[in-house]
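Here is a walk through one structure, starting at its metals and ending at a few backbone oddities. Have a look at the model first.

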Amino acid sequence: MSRDTAIRGGILVTDKERRRADILCHDGRIAAIGADIDIPAAATVIDAGGCFVMPGGIDPHTHLELPMAGTRVADDFLSGTRAAVAGGTTTILDFVGPARGEPPLDALAAWREKAARSVIDYGFHMTVSWWGDLFERQMTTLVRDEGVTSFKFFLAYKGGLMLPDADILAAFERCRDLGALAQMHAENGEIIAFLQEKLRTKGILEPRGHVLSRPPYAEEEASVRAIALAEAAGVPLYIVHVSTAGAADAIARAQSRKARVFGETLPGFLSIDDRVYGSPDFDMAAGHVMSPPFRPAEHQRALWRAIEDGVLSVTATDHCCFTREQKRLGREDFTLIPNGCGGVGDRMEILWELGVASGRLTPEQFVALTSANAARIFNLWPAKGCLAVGADADIAILDPARGRTIRAADQIQNTDFSIWEGRRVSASIVHTLSRGRHLWADGELRADPGHGRYVARRPYGPAYGVNPHTGL
Ligand code: URP
Ligand code: ZN
Ligand code: ZN
């Protein structure tokens, strides 16, 4: 079989430009780009006429094979990454989740074993699920030797993942010294626990209790606090899954005083609102239980403004799937519903529909939001998120005229529920290449377990060279 694949006749799009050009991939990398490149006779040729040819998506926020809430998320690294590749995503960053007291290096070893079946490239963030000397010591090895250069903290989940501010400050300082990026799940866990108790006392145990116990102000307060903690420790901060106007404003204010703060949002938050929790159908309401929850529609308008202003620069999915049956663990008490929704395979098409097809975003902005910005922030650039000679041949081809209707019954993610059920998108990903390998070919999935490789990421900071794009 030829080691060359050519993509002919498409419109090439990066975060900076759009032009008609062909691409030649050789041995997993992009070997040539241009209007009149030589294509070897033996090359496999993909016809991209009428299509946009873009960097493969980077989803920097997934949870695969994660034990949680007395169960385990429904997708493993095989099903989750097969869903991803069919939706044009070629790299994920998944969260390693040590149990309380578990050494993070042990958790990393376990994640590496699980991820060996991934069909696309992957890297890891480390969840700082507890804090102590051992964690602190092992962070050095994680950053310097293992390529894990981002750490996620929680201001939510009291009695679980939530850490006190003092521990967060100590760990943030460690991140700064090591050249690592801090990430925050910004919701005020004390307020949530307080409201959960009040709701329980009132007998509100159904899924709407979830959204009632997690008000927008709990996210806003935690975002302001996370930024203040990061500024105090002098560490760059990336706030995950921003869902409210208040949190986006807090990030905008920090950016306007040149603080190194980045914001991520999810396509779900741009289009689904909190009315889903009022459904009388438990499965429907519980299927949308995630944290933070879907918000009243006015927040969507604020999130779009924040995207347009560059305040929120990354889209992810927070892919964390459960089946209807798993969600029923919380039938009698909303606090027991496993938190999380899916979408790793739908992100690109949904964002295209919401953003580009509606005229809100240019294709270049779409690339920035789905791959290039994440590549820069998470030190994957220029191998990923970029179509240039020498870059990994991670490529998604989108046909703007081939629509589809999203149905759980057709999906590859391992659940019987979709937050996008019945949504029509006007464009589809028709081909995906991962390091030159044609894994998604016009509806045919050719993704073998284990094609994906671990991507070790380099640390940030002056000792390692400041990234000119992000200042990190
Ligand atoms: O509800 C969510 N988001 N579940 C996944 C864990 C997290 O907080 O990101
Ligand atoms: Zn989170
Ligand atoms: Zn998450």
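A quick word on what counts as a donor: an N, O or S atom within 2.8 Å of the metal (3.2 Å for Na, K and Ca), and because water is not among the atoms, sites may look incomplete. This is a predicted model, in which local features need pLDDT of at least 70 and side-chain atom pairs count only at pLDDT 80 or more, while totals for chains, interfaces and linings use all residues. As for bookkeeping, residues are numbered from 1 along each chain as its sequence is written, chains are lettered from A and ligands numbered from 1 in the order in which they are written, and side-chain values use heavy atoms, with hydrogens and water left out.

**The zinc ions**

Which residues hold the zinc ion (ligand 2)? Its protein donors are Lys-152 through NZ, His-185 through ND1 and His-241 through NE2, at 2.1 to 2.4 Å. Along the sequence these donor residues follow the spacing K-x32-H-x55-H. His-185 sits in strand 14 (residues 181–185) and His-241 in the loop between strand 15 (237–239) and helix 8 (245–256), so this pair ties together parts that are 56 residues apart in sequence. Helices here are DSSP runs of H or I with at least four residues, strands are runs of E with at least two, and both are numbered from the N terminus.

The zinc ion (ligand 3) is 3.8 Å from the zinc ion (ligand 2). For the zinc ion (ligand 3), the protein donors are His-61 (NE2), His-63 (NE2) and Asp-318 (OD), lying 2.0 to 2.2 Å away. The spacing of these donor residues in sequence is H-x1-H-x254-D. His-63 belongs to the loop between strand 8 (57–62) and strand 9 (67–68), and Asp-318 to the loop between strand 17 (312–315) and helix 11 (324–327), so the two tie together parts that are 255 residues apart in sequence.

What geometry does the site of the zinc ion (ligand 3) have? It is tetrahedral, with angles of 86 to 130° among its four donor atoms. Four donors get that label if all angles lie between 85 and 135 degrees; four count as square planar and six as octahedral if opposite donors are over 155 degrees apart and all others between 65 and 115, and anything else is irregular.

Are these donors buried or exposed? The table gives the values for four of them, where buried means under 20% relative accessible area, exposed over 50% and partly exposed in between (1.4 Å probe, protein chains only).

| Residue | Relative accessible area | Class |
|---|---|---|
| His-63 | 9% | buried |
| Asp-318 | 7% | buried |
| His-185 | 1% | buried |
| His-241 | 2% | buried |

**Around ligand 1**

Some of those metal donors turn up again here. Ligand 1 is surrounded by 14 residues, the closest being Lys-152, His-185, Ser-291, Asp-318 and Asn-339; a residue gets onto that list if one of its heavy atoms lies within 4 Å. Three polar contacts are worth a look, a polar contact being a pair of N or O atoms within 3.5 Å; within protein, one must be able to donate a hydrogen and the other to accept it, and residues adjacent in sequence count only if both atoms are side-chain atoms. A polar side-chain atom of Asp-318 is 2.6 Å from a nitrogen atom of ligand 1. A polar backbone atom of Ser-291 is 2.8 Å from an oxygen atom of ligand 1, and for an N or O atom in the side chain of His-185 the distance to a ligand 1 oxygen is 2.9 Å.

**Backbone oddities**

Ser-291 is also joined to Pro-292 by a cis peptide bond, with omega about -5°. Pro-292 lies in the loop between helix 9 (282–287) and helix 10 (298–308). Another cis peptide bond links Trp-381 and Pro-382, where omega is about 0°. Pro-382 is in the loop between helix 13 (363–377) and strand 18 (395–399).

Then there are the positive phi values. Arg-435 is not a glycine, yet its phi is about 45°; this residue is in the loop between strand 21 (428–434) and strand 22 (437–441) and is buried at 13% relative accessibility. Asp-442, likewise not a glycine, has a phi of about 50°. Asp-442 falls in the loop between strand 22 and strand 23 (444–445) and is partly exposed at 46%.
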